[in-house]
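Thanks for coming. I will take this one in parts: charged pairs, then the ligand, then a single aspartate.

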Amino acid sequence: MDLYDVMRTTFAAREFTDAPLPDDVLFTILDRARFAPSGGNRQGWRVIAVRERATREALAALSAPAAKRYAAQQQAGESPWNPVDRSAVDAATIERTPAPARLTEPLKQAPVVLVICVDLKVVAATDQNLQRVGVVSGASIYPFAWNVLLAARCEGFAGTITTLAVAEEPALKRLLGIPDHVAVCAVMPLGRPVRSLTRLRRKAVAEFAMRERWGGAPLAVDSPR
Ligand SMILES: Cc1cc2nc3c(=O)[nH]c(=O)nc-3n(C[C@H](O)[C@H](O)[C@H](O)COP(=O)(O)O)c2cc1C
């Protein structure tokens with residue numbers, strides 16, 4: 001596949017057929033994904049491939065609390081889980097908001113769920129002393145996670161980076177025996193998608209890119225290639 005086609009069509013798949021995703025294909029996907037960049041080339045990614053149904057159901061259950069909050073905040077017109085604005089949604093509202101099935105069911109339905117972790121002992125978290133939520137560590141793991149989805153796309157499979165279960169990381173770690181110095185970054189259902197999206201909805205370049213400084217002129221050209 002043409003690289004640009006892959007980039008434009010790798011969507012978040014949440015519905016899967018009954019088709020298996022055999023170990024040899026999974027191996028190939030990870031064998032391609034491992035060429036992702038990471039800070040200092042430390043390659044702190046670790047992957048747990050979960051096929052057992054009971055464990056996948058537990059992962060879905062662990063996603064539910066954060067999914068409830070996500071849905072409740074969305075219904076209140078908030079940007080869910082953002083670390084800047086204080087939420088006006090109270091605990092009782094969250095409790096009575098059902099977890100949307102689309103946020104939990106894929107983990108039960110997919111033939112394999114990858115729990116993608118990073119070893120924090122090898123991550124250069126250069127923003128760790130700032131008074132804001134850390135984002136730099138993610139840059140050493142999400143290129144790898146995205147490579148998994150790109151490789152899966154090339155092999156005719158698909159999945160989604162999900163992070164809701166990470167809100168329950170202590171329980172997640174107990175479930176899978178993950179050590180303290182390792183962080184869970186994504187819980188990724190993978191399988192054969194029921195359908196493929198080919199037109200992803202994304203903002204135009206001029207809506208997010210600006211010239212020279214924040215608030216500068218939008219980066220736009222008269223005749224895009
Ligand atoms: C960091 C990150 C976290 C995400 N977490 C979740 C999640 O917990 N559950 C989920 O269903 N999708 C999750 N997604 C998928 C996004 O919702 C999806 O990429 C976005 O809606 C675009 O979907 P599309 O490519 O199908 O257009 C996450 C994506 C990223 C990059």
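**Salt bridges, ligand shell and one aspartate**

Let me begin with arginine 195, which forms a salt bridge with glutamate 15, the closest N and O atoms being 2.7 Å apart. This is a predicted model, so please keep that in mind throughout. Where do the two partners sit? Arginine 195 is in the loop between strand E4 (182-191) and helix H8 (205-208), and glutamate 15 is in the loop between helix H1 (3-9) and helix H2 (23-33), so the bridge ties together parts that are 180 residues apart in sequence. As for burial, arginine 195 is partly exposed at a relative accessible area of 47%, and glutamate 15 is also partly exposed, at 40%.

How many salt bridges does a search of the whole structure find? The count is 10.

Next, a group of charged residues. Asp31, Arg32 and Arg34 are linked in a network of salt bridges. Aspartate 31 meets arginine 32 at 3.3 Å, N to O, and it meets arginine 34 at 2.6 Å, again N to O. On accessibility, aspartate 31 comes out at 22%, which counts as partly exposed. Arginine 32 is partly exposed at 46%, and arginine 34 is partly exposed at 42%.

Staying with arginine 34 for a moment: it is found in the loop between H2 and strand E1 (45-50). If we leave aside neighbours within four places in sequence, arginine 34 is in contact with Trp45 and Phe144. There is also a long separation in sequence to point out. Arginine 34 and valine 148 are 114 residues apart along the chain, while their C-alpha atoms are 8.4 Å apart in space.

Now the ligand. Which residues surround it? Reading along the sequence, they are Phe11, Ala12, Arg14, Leu103, Thr160, Ile161, Thr162, Thr163, Leu164 and Arg202. By class, that shell has 5 nonpolar, 3 polar and 2 charged residues.

Several backbone atoms come within polar-contact range of the ligand. For alanine 12, a backbone N or O atom lies 3.0 Å from a ligand oxygen. For isoleucine 161, a backbone N or O atom lies 2.9 Å from a ligand nitrogen. For leucine 164, a backbone N or O atom is 3.3 Å from a ligand oxygen. Taken alone, the ligand exposes 630 Å², and the protein buries 62% of that.

The last part is aspartate 127. This residue is found in the loop between strand E2 (112-119) and helix H6 (142-154). Is aspartate 127 buried or exposed? With a relative accessible area of 4%, it is buried, the cut-off for that class being under 20%.

What does the side chain of aspartate 127 reach? One partner is the backbone nitrogen of valine 136, at 2.9 Å. There is also a polar contact of 2.9 Å between the side chains of aspartate 127 and arginine 132. Setting aside neighbours within four places in sequence, the residues in contact with aspartate 127 are Arg132, Val133, Gly134, Val135 and Val136.

To go back over the main points: arginine 195 and glutamate 15 form a salt bridge, Asp31, Arg32 and Arg34 are linked in a network, the protein buries 62% of the area that the ligand exposes when taken alone, and aspartate 127 is buried. I will stop there and take questions.

How values were computed:
Residues numbered from 1 in each chain as written. Predicted model: local features only at pLDDT ≥ 70, side-chain atom pairs only at ≥ 80, totals over all residues. Heavy atoms only, no water. Salt bridge = Lys/Arg side-chain N within 4 Å of Asp/Glu carboxyl O. Helix = DSSP H or I, 4+ residues; strand = E, 2+ residues; numbered from the N terminus. Buried < 20%, exposed > 50% of the residue type's maximum accessible area, 1.4 Å probe, protein only. Near = heavy atom within 4 Å. Polar contact = N/O pair within 3.5 Å; in protein donor to acceptor, adjacent residues only side chain to side chain. Areas by Shrake-Rupley, 256 points an atom, 1.4 Å probe, with all protein chains shown as cover. Nonpolar A, V, L, I, M, F, W, Y, C, P; charged D, E, K, R; others polar. Contact = heavy atoms within 4.5 Å.
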